Amino acid sequence: MAQTTDSIKCDEPNPPIWPSSVKIFYPPQNDDEKQHILSIIQQTSDPISYDNSTAPYETYTSKRHFTNERHALLFHPGVYHGLDFEIGYYVQALGLGAKAGDVVFADCDKGPFVPSLERISVRPPWGLGLDTFWRVGENFKTEAREGMHWVVSQAAPLRRVHIAKKKTNPTEDDDKSGSLFLGFGDAYVSGGVLANAIVDGTTDFVGQQQWISRNVDFRGPAVGGAWSLVFVGCTGDQGNIPESSDGLDGRKSVTVDERPNVRVEKPYIAVKDDGISFVLRVPAPTYGEDAIGPDLDGAKDDVRDFSHVKVVTPSDEEDTVVAAVQNSASLQEALDQGKDLVLSPGIYPLKTSLKVKYPNQVVLGLGL
């Protein structure tokens, strides 16, 4: 970030003052702490509907599709035992480690997951994933016994993750561990992004109409998919990644770019070793051989202390015209000072466009 006489006027607090839309968790030490975490997350999950006369008799629903609520679930480094939770509309689940493996979901059935919705009312028992938008999972490792289920359609990226096989006392019941399921049976699903990731087991695109995988290490086979799959900078044993196909012979279209010229990853936030202070980590662009495969260790990141990062919240003014003026002024002031911006979850009406004036300045939103 460039610094001039007009840049950074004063330090920001570190740790910042997070609003209620940001939930911060620590590895639970007992069942009470685990249940407390789950009770908080449940408030952000999609509501469940029940009907004892049908099979299935319960399902997550899409009733929060147009809510104004936004949430970020931030997990401090460590191991989270026995946590299964749904990531709902407008929710980001983010590990706070410098490495993806610093936050681990272990001894769980599902870990963080996104199911198909409306399984009772839409094509039971499969449900629907066509409008399962606006959620994100980032920067963690999951060892769920049932693998990771991410049944989404667009605007729901999964990045900087390691979907790992269960290492402790594996049994025949753990054969799905390490696999990624991007659909559920005949549930309609319509595209998404998997980026900068490792999948130890099978990646099953199921009925995904289209999907792009970028810088993914497929340690098991990539199978399924309906119409169009794209693989950029991905790695894996021979046969794990499908061969290119133009789709004109009745097969799905498969595009493979083995050697992209450049790779640029999204910035992310993390905690320092003291477990209190925060940093903004900005991955450096990589080229040539370094642009191939995942990069989950953060070794080449530009690490920026939060004392030079402005954490902002949207104006609470009910008049959207007034709120737009206030948001534009506060955000632009921080940018003019040369600070990076981290936007806490919320809706930010703006009066004017924001002007990013300094090279490598970052504007990063939390939540989705």
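**Strand β23 and helix α2 in a predicted model**

Trainee: How many bridges join β23 to strand β25?

Mentor: This is a predicted model, in which local features need pLDDT of at least 70, side-chain atom pairs count only at pLDDT 80 or more, and totals for chains, interfaces and linings use all residues. Residues are numbered from 1 along each chain as its sequence is written, and side-chain values use heavy atoms, with hydrogens and water left out. Strands are DSSP runs of E with at least two residues, helices are runs of H or I with at least four, and both are numbered from the N terminus; two strands pair if DSSP finds at least two bridges between them. Strand β25 covers residues 301-305 and runs antiparallel to β23, and the bridges that join them number five.

Trainee: Which residue in β25 stands opposite proline 283?

Mentor: Proline 283 is one of the buried residues of β23, where buried means under 20% relative accessible area, exposed over 50% and partly exposed in between, with a 1.4 Å probe and protein chains only. Opposite proline 283, in β25, stands aspartate 301.

Trainee: What is the distance between the end C-alpha atoms of helix α2?

Mentor: Helix α2 has 17 residues, 320-336, and the expected span of a helix is 1.5 Å times one less than its number of residues. That rule gives 24 Å for α2, which agrees with the distance between its end C-alpha atoms, 24 Å.

Trainee: Which residue just after α2 takes a positive phi?

Mentor: The helix α2 ends at residue 336. Just after α2, a positive phi of about 85° is taken by glycine 338.
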